[in-house]
Amino acid sequence: MAKVGGLADVAGALPKYQCQLGHDASLVMPMHRTPFLDTHDWDVIHKGKVFMGAHGFDYTIIRESTSVLGFSLFCIDIHGLLDRDKVYGYDDDPYRFLAFQLAAIDWFKTLDHLPDLIHVHDHHSALIPFLMKHVYENEKLREIKSVLTIHNAQYQGWMDPGFLHFIPHWDDWKTGLLLWEGQINALACGIKCADRVTTVSPNYMRELHDQAHGLSVLIREEFVKCKGILNGIDAVVWNPATDPMLNKNYDQLSVTEGKQKNKEFLCKEWNLDPTLPLIVFIGRLVDDKGADLLPGAISHFLETHPGAASFFILGNGQFNIEKSLEQLSHQWVGYYNSQIRYNETLSHQLYASADFLIMPSRVEPCGLNQMYALRYGTVPMICRTGGLADTVIDVGDQGGVGLCFDRPSVSDILHTFNRAIHLFADKPTMIRLQKNMMSINHSWEASCKEYIDLYLQIH
Ligand code: ADP
């Protein structure tokens with residue numbers, strides 16, 4: 001329906017796997033104006049009106065009518081506010097997300113059959129536990145348990161205290177739950193009010209304990225109810241044996257030939273040499289992902305090792321990084337290419353074609369790309385941070401499948417590029433690695449069970 005990064009992958013997979021385990025999980029999200037909206041049929045479920053201060057707005061709940069996703073998808077349409085092309089990035093985002101949460105709560109109150117538990121994700125929905133527990137008019141929802149998952153603690157949903165006027169009456173003694181350093185902080189409020197708090201990997205939870213963009217004191221206070229649960233990947237959508245976006249499907253037995261065929265298609269299209277090791281980056285072009293280090297590292301490597309490898313970058317984000325990465329394609333014709341945009345199909349083709357996937361992240365709460373890379377037999381090259389450290393072991397260690405480094409720096413990346421070309425030259429090891437990577441199971445079943453256990457603890 002809509003995707004910016006990993007949160008969408010989780011929101012699309014977790015309810016599906018929960019339903020497969022026999023639970024009744026549904027997803028509620030804003031109705032963004034995306035192509036999915038036009039290519040699917042919808043039923044109108046409910047219409048209502050909520051007030052933000054003196055201003056009232058109408059909302060409509062629609063449900064995807066076929067349940068093709070494996071769970072019920074409900075979208076909240078608030079005309080002019082939520083039905084926009086982008087998921088976020090607007091000046092009135094705090095207002096939009098608050099409106100979404102108030103409408104969701106208003107609708108829940110009309111349900112004959114209330115949910116046992118509401119699982120909210122990131123700051124965009126993190127006020128919901130407070131709204132259910134402490135707002136007088138939401139008495140009916142008081143007993144519903146809540147879990148908050150933090151996908152990235154950097155984005156906290158700060159709001160001007162003036163926004164307090166948009167929240168219906170609550171017990172004044174509880175106002176401190178909404179505030180952090182004199183402002184409304186939706187994420188902090190969620191951490192205080194949810195019955196359980198999770199992050200998307202155990203290592204990221206440990207990191208937040210020590211440094212959480214101003215919230216580590218709070219995380220430490222609430223640590224007994226916190227847990228890191230590693231994301232899974234949707235092994236049906238991300239399956240090289242059946243993936244309809246690939247030029248050639250392959251499995252564990254045919255991985256080496258299959259990847260080479262995909263690489264040949266890709267290299268032909270993007271003017272690269274299919275005999276060289278192909279190193280790719282896929283992701284948001286932001287400092288957190290270490291994307292700012294790539295132009296320097298790639299140029300330096302190609303200058304000092306002419307013709308030793310080719311590179312492809314797929315991503316968009318910060319303007320300065322986009323420009324530097326785009327410029328490299330003029331400088332290193334035949335050895336480097338890039339697509340500065342979001343392209344789901346190309347991302348699948350890259351996971352299938354590449355020999356290596358570089359992730360020099362400074363911050364990576366879980367990271368899905370390294371798991372997709374493993375599933376497609378592509379060696380992940382990762383900086384040991386957050387969930388990357390939980391999921392990739394260095395080839396030099398027992399059971400290792402990746403190339404790991406400790407600092408998000410140009411010199412560590414260069415050292416790792418060097419290791420990559422030596423590994424690529426060692427064909428028997430490469431073939432063994434490809435098969436080993438593809439036998440790793442990072443699918444949702446295990447993580448999904450961990451979430452269910454957590455729900456049961458508080459139910
Ligand atoms: P984050 O949520 O921080 O962006 P994750 O690793 O958790 O990072 O998830 C990133 C997801 O977004 C992956 O599915 C990745 O393939 C996808 N992705 C990121 N940028 C692009 C892009 N430019 N084109 C296609 N897919 C992308």
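Which polar backbone atom is 2.5 Å from an oxygen atom of the ligand? Select the ligand in this predicted model and look for G6: a polar backbone atom of G6 is 2.5 Å from an oxygen atom of the ligand.

**Stop 1: around the ligand**

Keep the ligand selected and show its surroundings, which number 20 residues. Those that come nearest are G6, R284, K289, R341 and Y351. Next, pick K3 and display its side chain; an N or O atom there is 2.9 Å from an oxygen atom of the ligand. Then go to N343, where the backbone is the part to show: one of its polar backbone atoms lies 3.0 Å from a nitrogen atom of the ligand.

**Stop 2: the two domains**

Colour residues 6–232 together with 447–458 as domain 1, and residues 255–442 as domain 2. Domain 1 is thus made of two stretches of the chain, whereas domain 2 is given as one. If you place a marker at the C-alpha centre of each domain, the two markers will be 34 Å apart.

**Stop 3: the interface**

Now select the residues where the domains touch. On the domain 1 side there are 16 residues, in contact with 15 residues of domain 2. About 1,200 Å² is buried between the two domains, and 53% of that area is on carbon and sulfur atoms.

Turn to the polar groups here. Six residue pairs are in polar contact between domain 1 and domain 2, with both residues at pLDDT 80 or more. One salt bridge crosses the interface. To see a salt bridge, select R206 and D390, whose closest N and O atoms are 3.7 Å apart.

Hide domain 2 and view the face of domain 1 that touches it. Helices α1 (6–20) and α7 (202–210) each supply at least two residues of this face. The largest share, five residues, comes from α7. Colour the face by residue class and you will find five nonpolar, eight polar and three charged residues.

**Stop 4: a salt bridge between distant parts of the sequence**

Bring domain 2 back and display the salt bridges of the whole structure, 19 in number. Among them is the pair D355 and K263, with the closest N and O atoms 2.7 Å apart. Follow the chain from each partner: D355 sits in the loop between α12 (344–353) and β15 (356–359), while K263 belongs to helix α9 (residues 255–270), so this pair ties together parts that are 92 residues apart in sequence.

Notes: Residues are numbered from 1 along each chain as its sequence is written. This is a predicted model: local features need pLDDT of at least 70, side-chain atom pairs count only at pLDDT 80 or more; totals for chains, interfaces and linings use all residues. Side-chain values use heavy atoms; hydrogens and water are left out. Domain bounds come from an automatic or database domain assignment. Contact means heavy atoms within 4.5 Å. Buried area is the accessible area (1.4 Å probe) that two parts lose on being put together, summed over both. A salt bridge is a side-chain nitrogen of Lys or Arg within 4 Å of a carboxyl oxygen of Asp or Glu. A polar contact is a pair of N or O atoms within 3.5 Å; within protein, one must be able to donate a hydrogen and the other to accept it, and residues adjacent in sequence count only if both atoms are side-chain atoms. Helices (H or I, at least four residues) and strands (E, at least two) are DSSP runs, numbered from the N terminus. Ala, Val, Leu, Ile, Met, Phe, Trp, Tyr, Cys and Pro count as nonpolar, Asp, Glu, Lys and Arg as charged, and the others, Gly among them, as polar. A residue is near a molecule or strand if one of its heavy atoms lies within 4 Å of it.
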